[in-house]
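This report concerns a predicted model. It follows the strands and their partners first, and then turns to a single side chain, a helix and the aromatic rings.

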Amino acid sequence: VHLLAADDFIFRHDFYAAISRMPRCGVYLANVQCQRLDGSIITRSRYDLLPGPHHQDGDLHRWLATGNSNIGGTACVLSREACAWLRENGAALAGPWFDSAIYPACMWTHGVHYFPEVFGGFTEDPAGYGNQRDPIARARYRAGAEAFFAKPDVRERLGGLADTLLARVK
């Protein structure tokens with residue numbers, strides 16, 4: 001399942017082919033680029049994670065705990081099982097906190113396979129979803145993230161990492 005927003009794009013469909021050849025993980029992560037509305041590149045992500053699969057190992061824990069694991073939907077493809085777990089625990093109510101807190105939680109609970117190539121990206125739009133500062137909406141999404149991280153199944157699977165990830169939600 002690839003959760004793309006209106007400003008996300010995939011320009012290398014071999015991401016899906018690469019996923020099909022890999023061992024089963026809950027999340028498949030690739031690098032992305034951020035570009036302006038005119039198409040000029042602002043930046044390309046490069047995650048500080050070793051390429052390949054990670055299942056609750058030290059490298060993954062270090063990366064998730066440092067706060068450098070803020071990723072976007074363009075970079076992640078979820079397994080059906082991971083997507084179902086997120087849905088069952090109300091993760092959608094976290095809104096824009098998905099990138100910085102929910103995806104990393106799913107990486108820990110379901111495993112992640114990291115591809116260090118750029119497969120897609122997103123467009124930075126000053127009027128876009130990620131730049132909204134409506135305090136009422138932000139409070140609602142924060143409450144959604146807090147509810148997700150308060151779920152017994154989520155807390156049990158994440159342990160102390162639950163509080164670390166929730167702290168990113170401001």
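## Strand E6 and its partners

Phe-9 stands opposite Gly-121, a residue of strand E6, and this position belongs to the pairing of strand E1 (residues 8-10) with E6, which is antiparallel and extends over three bridges. Strand E6 itself spans residues 112-123 and is mostly covered, since nine of its 12 residues have a relative accessible area under 20% and are therefore buried.

Two further strands pair with E6. Strand E2 (residues 27-35) runs parallel to E6 and is joined to it over nine bridges, with Val-27 having Val-112 as its bridge partner in E6. Strand E4 (residues 52-54), in contrast to the parallel sense of E2, pairs with E6 in the antiparallel sense over three bridges; here His-54 has Val-112 as its bridge partner. Val-112 is thus named as a partner both for Val-27 of E2 and for His-54 of E4.

## Gln-33 and the E2-E3 hairpin

Strand E2 also pairs with strand E3, in this case antiparallel and through three bridges. The two strands form a hairpin with five residues between them, and within the turn Gly-39 adopts a positive phi of about 95°.

Gln-33 is a residue of strand E2, and its bridge partner in E3 is Arg-44. The side chains of these two residues are also joined by a polar contact of 3.1 Å. Is Gln-33 buried or exposed? Its relative accessibility is 6%, so Gln-33 counts as buried. Leaving aside residues up to four places away in sequence, Gln-33 touches a set of residues that includes Phe-9 and Phe-11, Ile-41, Thr-43 and Arg-44, and also Val-118, Gly-120, Gly-121 and Phe-122. Among these contacts, Phe-9 and Gly-121 are the residues that stand opposite each other where E1 meets E6.

## Helix H4

Helix H4 (residues 102-110) is mostly covered, with nine of its nine residues buried. The buried residues include the aromatic Tyr-103 and Trp-108, together with Ile-102, Pro-104, Ala-105, Cys-106, Met-107, Thr-109 and His-110. Just after H4 comes Gly-111, for which phi is positive at about 85°.

## Aromatic rings

A search of the whole structure finds nine aromatic pairs. In one of them, the ring centres of Tyr-47 and Trp-63 lie 5.7 Å apart and the ring planes meet at 75°, an angle over 60 degrees, so the pair is classed as edge-to-face. Which parts of the chain does the pair tie together? Tyr-47 lies in the loop between strand E3 (41-44) and E4, whereas Trp-63 belongs to helix H2 (residues 58-66), so the pair ties together parts that are 16 residues apart in sequence. Both of its members are buried: Tyr-47 has a relative accessibility of 10%, and Trp-63 has a relative accessible area of 0%.

Ring pairs also link Phe-15, Tyr-16, Phe-115 and Phe-119 into a cluster. An interaction of another kind involves Tyr-141, where Arg-140 lies over the face of the ring at 5.1 Å from the ring centre.

Notes: Residues numbered from 1 in each chain as written. Predicted model: local features only at pLDDT ≥ 70, side-chain atom pairs only at ≥ 80, totals over all residues. Heavy atoms only, no water. Buried < 20%, exposed > 50% of the residue type's maximum accessible area, 1.4 Å probe, protein only. Helix = DSSP H or I, 4+ residues; strand = E, 2+ residues; numbered from the N terminus. Pairing = 2+ DSSP bridges. Phe/Tyr/Trp six-rings, centres within 6.5 Å; stacked < 30°, edge-to-face > 60°. Lys NZ or Arg CZ within 6 Å of the ring centre and 35° of its normal. Polar contact = N/O pair within 3.5 Å; in protein donor to acceptor, adjacent residues only side chain to side chain. Contact = heavy atoms within 4.5 Å.
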